[in-house]
Amino acid sequence: MKELDRLDRKILRALQKEGRLSNTELAEQVHLSPTATAERVKRLTRDGYIIGYMAILSPEKLGRSLLVFVQVKLDRTTPDVFDSFSDAVKRSDDVIECHMVAGGFDYLVKARVAGMEAYRQFLSEVILPLPGVRETHTYAVMEEVKGTTFLPV
């Protein structure tokens, strides 16, 4: 893979801020020709620096205003329990992120639900029945201070 140069980094920063830029607008921002810009974007995508584009939706407008983090501790940490847990979490539309972590618990689950009643239902119908779940600790978000997908480039 080719090392990122200054122009590649400018392109990545610009697309992170506004993924809907046309190639012409992007070329103007990074001071390159549209052809050269398009070739760089193709290469950055092919090389895996750009992995996709998406719209960022309003959780409030879509009735998903409660953000919760759930620490999950498993009763056994065996490959079959990890696989079963991962497969089950991937099927839940409420779960927006799930990470296996090192430390005092096994997984950190980030979920968006309508409110506390929906969270209670999510916990009792989705999380607690998952394979191997021994213990959970929930943290309801009172204020989202910073939420971004922006990576420093």
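Modeller: Before we start, a polar contact here is a pair of N or O atoms within 3.5 Å, one of which must be able to donate a hydrogen and the other to accept it. The model we are discussing is predicted.

Colleague: How many Å separate the backbone nitrogen of Ala36 from a polar atom of the side chain of Ser33?
Modeller: Ser33 sits in the loop between α2 (23-30) and α3 (34-46). Because the limit for a polar contact is 3.5 Å, the separation between the backbone nitrogen of Ala36 and the polar side-chain atom of Ser33 fits within that limit, at 3.1 Å.

Colleague: Is Ser33 buried, partly exposed or exposed?
Modeller: The C-alpha atom of Ser33 is separated by 9.4 Å from that of Asn23, ten residues away along the chain. Buried means under 20% relative accessible area and exposed means over 50%, so with its relative accessible area of 38%, Ser33 falls in between and is partly exposed.

Colleague: In what order do the four strands form the open sheet?
Modeller: The edge strands, each pairing on one side only, are β2 (95-100) and β4 (133-140). At one end, β2 and β3 pair over five antiparallel bridges, with Cys98 having Val109 in β3 as its bridge partner. Toward the other end, β1 (residues 66-74) and β4 pair in the antiparallel sense over seven bridges, and Lys73 stands opposite Glu135 in β4. The order is therefore β2-β3-β1-β4.

Colleague: Which residue takes a positive phi in the hairpin of β2 and β3?
Modeller: These two strands pair in the antiparallel sense, and their hairpin has six residues between the strands. The residue with the positive phi, near 135°, is Gly103.

Colleague: Which element gives the most residues to the largest nonpolar core?
Modeller: This core has 20 residues, and Val72, Phe85 and Tyr119 touch the most other members. Setting aside neighbours within four places in sequence, Val72 is in contact with residues including Phe85, Tyr107, Val109 and Ile127. At least two residues of the core come from each of β1, α4, β3 and α5, and the element that gives the most, with five residues, is β1.

Colleague: What kind of aromatic pair do Phe82 and Tyr107 form?
Modeller: The pair links distant parts of the chain, since Phe82 belongs to helix α4 (residues 79-90) and Tyr107 to strand β3 (residues 107-113), 25 residues apart. Tyr107 counts as buried, at 2% relative accessibility, and ring pairs link Phe82, Phe85 and Tyr107 into a cluster. The centres of Phe82 and Tyr107 are 6.2 Å apart; because planes over 60 degrees apart count as edge-to-face, the 70° between these planes makes the pair edge-to-face.

Colleague: What kind of aromatic pair do Tyr119 and Phe122 form?
Modeller: Both residues lie in helix α5 (residues 116-127), and because they are three residues apart they are separated by about one helical turn. Tyr119 is buried, with a relative accessible area of 5%, and Phe122 likewise counts as buried, at 2%. Stacked pairs have planes under 30 degrees apart and edge-to-face pairs over 60, with the rest counted as tilted, so the 45° between the planes of Tyr119 and Phe122 makes their pair tilted.

Conventions:
Residues numbered from 1 in each chain as written. Predicted model: local features only at pLDDT ≥ 70, side-chain atom pairs only at ≥ 80, totals over all residues. Heavy atoms only, no water. Phe/Tyr/Trp six-rings, centres within 6.5 Å; stacked < 30°, edge-to-face > 60°. Buried < 20%, exposed > 50% of the residue type's maximum accessible area, 1.4 Å probe, protein only. Pairing = 2+ DSSP bridges. Core = buried A, V, L, I, M, F, W, Y, C linked by side-chain atoms within 4.5 Å. Contact = heavy atoms within 4.5 Å.
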